[in-house]
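User: I am new to this structure and would like to be taken through it step by step. Please begin with the terms I need before turning to the contacts.

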There are 2 protein chains.
Amino acid sequence: MSLPHAILGLLNYMPMTGYDLKKFFDDSIGFFWSAQMSQIYRELKNLEEKEYVSSEEEISTKGPNKRIYSVTNQGVSHLKELLTDVPENIDEDNRNAFLLRVMLLSNLGIEELYFQIQKRLKKYRKDLKALQSVEEKLQHYLQLTGKTETLIYWKITLNRGLHDVKSHIKWAEESLSELKKIKEEKK
Amino acid sequence: MSLPHAILGLLNYMPMTGYDLKKFFDDSIGFFWSAQMSQIYRELKNLEEKEYVSSEEEISTKGPNKRIYSVTNQGVSHLKELLTDVPENIDEDNRNAFLLRVMLLSNLGIEELYFQIQKRLKKYRKDLKALQSVEEKLQHYLQLTGKTETLIYWKITLNRGLHDVKSHIKWAEESLSELKKIKEEKK
DNA sequence: GAATTCATGTAACTTGTTACATGATTTA
DNA sequence: TAAATCATGTAACAAGTTACATGAATTC
């Protein structure tokens, strides 16, 4: 699963322009998959070449014309295939720049580590709020697409996000209290 | 923080060859940052050009020669700078291919989702075991480097991994039980 | 009147992945 | 003796990021 699959999947909910897709991305799956405009336009071009999507230009009297993309029959079959075959070696991209930082912060000392985790904790709490607003946005898209049966899939997806943020908060709090102990011992 | 920083940071623990680095990577930070041999060699070359590391060839009577890399003074300063300045817009790469799959699986139905999450749960349980073995490996490297003060940093890092896997397991179990309910309602 | 949003793209650059190439040593 | 490990790299390709470019409509 990668960017073109994400695009194909989102377009399958409803026909959209590249610009719409970007918004949909940011509003819904942004917390686990982001994409830049330049990437989206490039991938749309690739997908059209492979005939997984087709586009129509909507001439607009005011403002620039829109190019509306929709998934072709071939595109749907392709998507279903992708979803069916589960790769055996599910090695994910678990890159975590902050953890790398933590691991190497011994070069700067405990105080700095404490400070940076504290800052992080604030970010996680913001993330939590942001995620809670994703829930409303998803509701909105659900109505737009009219596909009520997808609710459970989106709920489960979103729930992963919530578990994730909460686990980060717990870890940060735990680490801070452990670091506090060490700091006090040193005195 | 990115690959060259990881390499610089690991080399700062002790001088190593590219090959050693790969092992260190896989044994320690592999659960949140992986790298391929070809990447490592390329980055070592880049780092040497920038004079953040220097290398010496160790002529070997048996087997191929080794090129041992160590961090220069400039490299250490650079590393400390990187660690000190915390970027304001900490937008991480949170890509999660499996979540993308879940989100789009409405195309195939509840049974398939249940099956795929079940499979995933097994993987998470394996991951948990693997992480527990990382703990031992880190102990080993700790002795090699002789830098006992880094223990707390590594423990906190590893702990994040444990929190992460556990949160995945909890989420999977929760989702499965919810899906089970829906499946039974349909009957 | 300035900034933001809508709307689409190109170009250059950086990073990551896959495949290929070589050859010695150690283990099963 | 075959496979795995040690050890180093190159080349081609794929994907992601950043910067640039254009221009209308809307909002502050």
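Analyst: Ala, Val, Leu, Ile, Met, Phe, Trp, Tyr, Cys and Pro count as nonpolar, Asp, Glu, Lys and Arg as charged, and the others, Gly among them, as polar. This is a predicted model, in which local features need pLDDT of at least 70 and side-chain atom pairs count only at pLDDT 80 or more, while totals for chains, interfaces and linings use all residues. Residues are numbered from 1 along each chain as its sequence is written, chains are lettered from A and ligands numbered from 1 in the order in which they are written, and side-chain values use heavy atoms, with hydrogens and water left out.

User: How many nonpolar, polar and charged residues does the surface near DNA strand C have?

Analyst: A residue is near a strand if one of its heavy atoms lies within 4 Å of it. Around DNA strand C there are 21 such residues, of which A:Tyr19, A:Tyr41, A:Lys45, A:Lys66 and B:Arg42 come nearest. Sorted by class, this surface has seven nonpolar, eight polar and six charged residues.

User: Which element gives the most to the surface near DNA strand C?

Analyst: Polar contacts, pairs of N or O atoms within 3.5 Å (within protein, one must be able to donate a hydrogen and the other to accept it, and residues adjacent in sequence count only if both atoms are side-chain atoms), include one between a phosphate oxygen of DNA strand C and the side chain of A:Lys45, at 2.6 Å, and another at 2.8 Å from a polar side-chain atom of A:Tyr41 to a phosphate oxygen of that strand. Helices (H or I, at least four residues) and strands (E, at least two) are DSSP runs, numbered from the N terminus. With four residues, the element that gives the most to this surface is helix 3 of chain A.

User: What percentage of the atoms of DNA strand D within 4 Å of the protein belong to sugar or phosphate?

Analyst: Among the residues that come nearest to DNA strand D are A:Arg42, B:Tyr19 and B:Lys45. A phosphate oxygen of this strand is 2.4 Å from an N or O atom in the side chain of B:Lys45, whereas a polar side-chain atom of A:Ser38 lies 3.0 Å from a base oxygen. Of the strand's atoms within 4 Å of the protein, bases account for the rest once sugar and phosphate have taken their share, which is 69%.

User: Which element supplies the largest share of the surface near DNA strand D?

Analyst: By class, this surface has seven nonpolar, eight polar and six charged residues. A:Gln39 has a polar side-chain atom 3.2 Å from a phosphate oxygen of DNA strand D. The largest share, four residues, comes from helix 3 of chain B.

User: About how much area do chain A and chain B bury between them?

Analyst: Contact here means heavy atoms within 4.5 Å, and it takes 70 residues from chain A and 70 residues from chain B. Buried area is the accessible area (1.4 Å probe) that two parts lose on being put together, summed over both. Of the area buried between the two chains, 63% is on carbon and sulfur atoms, and the total is about 6700 Å².

User: How many salt bridges are there between chain A and chain B?

Analyst: A salt bridge is a side-chain nitrogen of Lys or Arg within 4 Å of a carboxyl oxygen of Asp or Glu. B:Lys155 forms one with A:Glu178, where the closest N and O atoms are 3.8 Å apart. Between the chains there are also 26 residue pairs in polar contact, both residues at pLDDT 80 or more, and the number of salt bridges is two.
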